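User: Could you take a close look at a single part of this structure with me? I am in my first year, so please explain the terms as you go.

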Amino acid sequence: MASTTNATNAFGFPTSNASSDAVATNGTGVATSDNKDMFTKLLVAQIRNQDPLAPSDPSQFVNQLSQLSQTEALENLAKTTSASASVLQSIQVLAMGAQVGNDVSVETSRVRLGGDKISGNIQLSGSSTATSLVLTDVGGKETRIALPSHGAGALPFTIDPDALGLAPGNYSIRAEASDGSKPAVEVTARLESVRMAASGGVVLQVAGIGEVDPFAVTGFNGKAQALAAN
């Protein structure tokens, strides 16, 4: 913490140490244009009224100006970064908005079942001789869907609620591979809307899943197409 006692010269003006303290205080984020003007006036007054018999080292003035410039540069950088983030977010909303009505692949751990079939992929990191897709309802009841052996990569699946006797509602979803791992589950569904959240983030509304973060989207698949009837 800076000392509250500031040295002064013979004319009562603050010496270079006091001015340096002012710059350091500004560096904590309090700096404004008013502080800049005050600093400049104090510096000019200090130069004009320094003791002729014991003049201050010119390098001290240069250091003070350098510190002020660094503080201004950091403030400008923070403002530029904030503005750039806002522009990028606007671009993201526009880009996502253009995909409304199209199918997207979303990595998820939940689905909302109705009467329609749901398709997707399980991303296997290695070969699996027995992969299961597990659906768990709100009451904790599990329904397992056995899938064929498959090598590393995307293993497609389809969920038919009617054939499985699954009531409409919310379910958690996960995959289990033969090696004991739990690979990511991606569900393909229609992107219904894109909006800005109150916190400033972007929120996507995906059919059969609900609200998701843009980072959960793993692919854009074009116009939605109905699943072929079995």
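Analyst:

**A close look at Q123**

Q123 is partly exposed, with a relative accessible area of 31%. Partly exposed is the range between two cut-offs: buried means under 20% relative accessible area and exposed means over 50%, using a 1.4 Å probe and protein chains only. Before we go on, please keep in mind that this is a predicted model, where local features need pLDDT of at least 70, side-chain atom pairs count only at pLDDT 80 or more, and totals for chains, interfaces and linings use all residues. Residues are numbered from 1 along each chain as its sequence is written, and side-chain values use heavy atoms, with hydrogens and water left out.

Where does Q123 sit? Its place is in strand β3, which covers residues 118-124. Strands (E, at least two residues) and helices (H or I, at least four) are DSSP runs, numbered from the N terminus. Now look for G153: it is 30 residues away from Q123 in sequence, yet their C-alpha atoms are 5.4 Å apart in space. Not counting residues up to four places away in sequence, Q123 touches G153, A154, P183, A184 and E186. Touching, or contact, means heavy atoms within 4.5 Å.

One of those partners, P183, leads us to a cavity, since P183 is in its lining together with L124, S125, G126, S127, A177, D179 and S181. A cavity is a set of points on a 1 Å grid over the protein atoms alone where a 1.4 Å probe fits but cannot get out, and lining residues have an atom within 4 Å of a point. A search of the whole structure finds one cavity of 30 Å³ or more, and the largest cavity has a volume of about 30 Å³. That volume is the space filled by probe spheres set on the points, which are joined across faces, edges and corners. The lining divides into three nonpolar, four polar and one charged residue. In this count Ala, Val, Leu, Ile, Met, Phe, Trp, Tyr, Cys and Pro are nonpolar, Asp, Glu, Lys and Arg are charged, and the others, Gly among them, are polar.

Another partner of Q123 is E186, and V106 is in contact with E186 too. V106 lies in strand β1 (residues 102-107), and V106 counts as buried because its relative accessible area is 0%. Leaving aside neighbours within four places in sequence, the contacts of V106 also include V185, V187, V206 and I209. V187 is 81 residues from V106 in sequence, while their C-alpha atoms are 5.4 Å apart.

From V206 we can step to the largest nonpolar core, which has 32 residues, with L133, L135, I159, L204 and V206 having the most contacts inside it. The largest share of this core, five residues, comes from strand β8 (residues 184-196). A nonpolar core is a set of buried Ala, Val, Leu, Ile, Met, Phe, Trp, Tyr and Cys residues joined through side-chain atoms within 4.5 Å. As for L135, its contacts beyond four places in sequence include V111, L113, I145, I159 and Y171.

V111 also turns up beside G208, which is in contact with V111 and R112 once neighbours within four places in sequence are left aside. G208 is in the loop between β9 (202-206) and β10 (210-212), and G208 is buried because its relative accessible area is 19%.

Finally, let us step back to the whole protein. It has four helices and 11 strands, and buried residues make up 31% of its 230 residues. Among contacts between residues at least 6 apart in sequence, 71% join residues at least 24 apart.

How values were computed. 1 Å grid on protein atoms, 1.4 Å probe; cavity = no way out; pocket = protein on both sides within 12 Å on 5 of 7 lines; lining within 4 Å.
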